[in-house]
Each structure stands twice: as C-alpha cells, then as structure tokens.
Amino acid sequence: MNSKKLDSYRVLVLNASYEYLNIAKWQRAIKLIFSDKAKVLEEGDRTINSQNLKMFVPSVIRMNYYVKKPEERVPLSRSNIFARDFYCCQYCGKKFDQDSLTIDHIIPRSAGGKDSWDNVVSACKECNSKKANNFLNDIGMKVLKKPKKPKYAPKLNAYFREEWAKYLNIELEGDRKGNKTK
Ligand SMILES: [Zn+2]
C-alpha cells in the first residue's frame, strides 16, 4: 500500500447541500464512504492497493446527510496569510517556504496601515526590504493580486487540487493551476 505517499493527501468533503464542509484525511474519507455516510463525487488519481482493498482514493466526497457547521473563523495569522497567497511572494510571484516569507503591509503601518486581510500580503525578504515603509506608487512596485479576506479556510490551499475548483466555485488563477496531485 502506498499510504506514505498519501500522507499529505486530503479529500474535499462537501455537505449534503454541496457546500464546502471541510477537508479530511483519506482514511477518514474512506471510512465515511464505507459506513454509507458519504458518497464519492470525484476520484483522485491515487490508488490504494492492499490485499483487501483496491480502489481509487476519493478526491471529493459528499455527505449523505446535512451537517450543521458553525461559521468558520479565519484568524489573520501569519500561516493563514501565507496559505491564502499560496506561499508566493505577492511582489515577485516566486514561491517560498514559510520560513522565507514575511508579512508586508501594503499601506505601511507607519502610515496608519491596518492589520487586515486587504492590507497584508506575503512577501519574500528581498521584496519586503525593497518595499519597506514606502507606498507602492512611490517606488514603482505593484502587488500581483489585490489581497482579500479568504472565502475558505486557507489551510485548504495547502492541499488544493485543480479538480476541487468547480466544487468550491473557485476560478483557477495562475498560482492554483498546476497544483495537481503530485
Ligand atoms: Zn519577492
């Protein structure tokens, strides 16, 4: 069984209403399927191949009954900001690991810029020190994408696969394309 390769694989779980519910580890998703609590909407491209079980691991499943879900609060944390931005510097567009990213305030804090989803972006150290306490217009820099409050818990982006987009009403943008199952 190639379960090791599946360690970072997550299954998108939709509510009975087709709304986003959460993401689950593949083992949990398969339990939901076999206990008849959910159905497979889309298979992924990975297989489980053990003596007792040969199947495609689901990519998207839907609950057979409606699960009441409290509204998800998404705290404005470093890790959520980085995940929202797909770990890409929003100035040069390059991808970095978390440790090499910083938070930049578009309107500098020194000028009253707030800690808010629409004023913070992920930036690499180099771009951040170039940007420093300046206004973008003053130094000819541009942010690649206007930052917004995320619609979904950004942790989802760490596992995002193209085939999820249509279920989440996400328009595929450059940074999400190619983020297929590896
Ligand atoms: Zn950069």
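Colleague: Which residues of helix 1 are buried?
Modeller: This is a predicted model: local features need pLDDT of at least 70, side-chain atom pairs count only at pLDDT 80 or more, and totals for chains, interfaces and linings use all residues. Residues are numbered from 1 along each chain as its sequence is written. Helix 1 spans residues 26–34 (helices, H or I with at least four residues, and strands, E with at least two, are DSSP runs numbered from the N terminus). Taking buried as 20 or more other C-beta atoms, placed from the backbone, within 10 Å of the residue's own (12 or fewer is exposed, in between is partly exposed), helix 1 gives A29, I30 and L32.

Colleague: Why do they sit on the same side of helix 1?
Modeller: Look at the directions from the helix axis to the C-beta atoms, which define the arc. A29, I30 and L32 end up on the same side of helix 1 because the arc they cover is only 155°.

Colleague: Which strands do the buried residues of helix 1 pack against?
Modeller: Contact here means C-beta atoms, placed from the backbone, within 7 Å. Two of the partners, strand 3 and strand 4, cover 38–49 and 54–63. The full list is strand 1, strand 2, strand 3 and strand 4.

Colleague: Over how many bridges do strand 1 and strand 2 pair?
Modeller: Strand 1 is residues 10–14 and strand 2 is residues 20–25. Together they make a hairpin with 5 residues between them, and Y18 in the turn has a positive phi of about 70°. On the pairing itself (DSSP must find at least two bridges), R10 has K25 in strand 2 as its bridge partner. The pairing is antiparallel, and the bridge count is 5.

Colleague: Where does D36 sit, and what is its positive phi?
Modeller: D36 comes just after helix 1. Its phi is positive, at about 65°.

Colleague: How far apart are the C-alpha centres of domain 1 and domain 2?
Modeller: Going by the domain assignment (automatic or from a database), domain 1 is 1–72 + 155–175 and domain 2 is 78–139. In contact across the two are 4 residues of domain 1 and 4 residues of domain 2. Between the C-alpha centres the distance is 31 Å.

Colleague: What percentage of the 182 residues of the chain count as buried?
Modeller: Some context: the chain has 5 helices and 6 strands, and its C-alpha trace spans about 65 × 35 × 25 Å along the principal axes. Of the 182 residues, the buried share is 22%.
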